[in-house]
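Please find below a colleague's note on the model under review. It is set out as numbered points for ease of reply.

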Amino acid sequence: MTDAHFDRNPDTVINVVGSSAGFPVHRVFCVGRNYADHVREMGNDPKIDHPIFFMKPADALVPNGGDVTYPPMTDDVHHEVELVIALKSGGRDLDFAAALEAVFGYAVGVDLTRRDLQAKMKNKGAPWEIAKAFEQSAPIAAITPKDQFEFEENTAICLAVNGDKKQDGVLGQMIWSVAEIIQVLSQYFTLKPGDIIFTGTPAGVGPIAVGDTVDATIDGLTPLSFKMVK
Ligand code: MN
């Protein structure tokens, strides 16, 4: 073994609004099918009784809107704008109050998806990793501490491609709330400081191409902007 065997990327760190200390990421959890109109546009029934969880590796994050390289093995990369929760503490089987107490802050993220491969994997009943967990599949803006973010039912969550608005929802459309997502996730995993959770996307997902500029916003949070490059 040489030192090269241990030449790993540093931990992924995300900027924090109003702080010089970054937020070091532990794990990236994601929720699927959390806005009814998006569930319907994908041909599914929103009346499920349980959130769907999947994961991305922490180094799939692209902090602070750097360029994103169009991934190989796909012709159909889709954008999904999402509210991201950052956890400062964790634990198991959290109750409602403990779930909210565990939140450090919130950010705007985009869950990039190889939609063609996801459809193939769904048809086979196979895992989604090749559709969801590729490098640079999770651009994310700076985290705003929770005491500086006003979470309202009508808070807008939007995404534009080259200035054309494609996704236009509100956080009140989420089927599973922030506290409920953390509560249920903590029944399956012992949550830890540094874990982050992508909370699902409203309707209007669609393809992005090389050269496109993506602007994702949630009112009150740092906007996210990135360009797809070859
Ligand atoms: Mn998603």
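The points below cover the basis of the model, the metal site, the nonpolar cores and the cysteines.

1. This is a predicted model, in which local features need pLDDT of at least 70, side-chain atom pairs count only at pLDDT 80 or more, and totals for chains, interfaces and linings use all residues. Residues are numbered from 1 along each chain as its sequence is written, and side-chain values use heavy atoms, with hydrogens and water left out.

2. Glu80 (OE), Glu82 (OE) and Asp111 (OD) coordinate the manganese ion at 2.0 to 2.1 Å. Donors are N, O and S atoms within 2.8 Å of the metal (3.2 Å for Na, K and Ca); water is not among the atoms, so sites may look incomplete. The donor spacing in sequence is E-x1-E-x28-D. Both Glu80 and Glu82 are buried (under 20% relative accessible area, with exposed over 50% and partly exposed in between; 1.4 Å probe, protein chains only).

3. The largest nonpolar core (buried Ala, Val, Leu, Ile, Met, Phe, Trp, Tyr and Cys residues joined through side-chain atoms within 4.5 Å) has 43 residues, of which Leu83, Ile182 and Ile197 touch the most other members. Beyond its neighbours within four places in sequence, Ile182 is in contact (heavy atoms within 4.5 Å) with residues including Ile85, Leu94, Val103 and Ile197. A second, separate core of 19 residues includes Val16, Phe23, Trp128 and Ile140.

4. Cys30 is buried, at 0% relative accessibility, and Cys158 is buried at 8% relative accessible area. The whole structure contains 0 disulfides (pairs of cysteine sulfur atoms within 2.5 Å).
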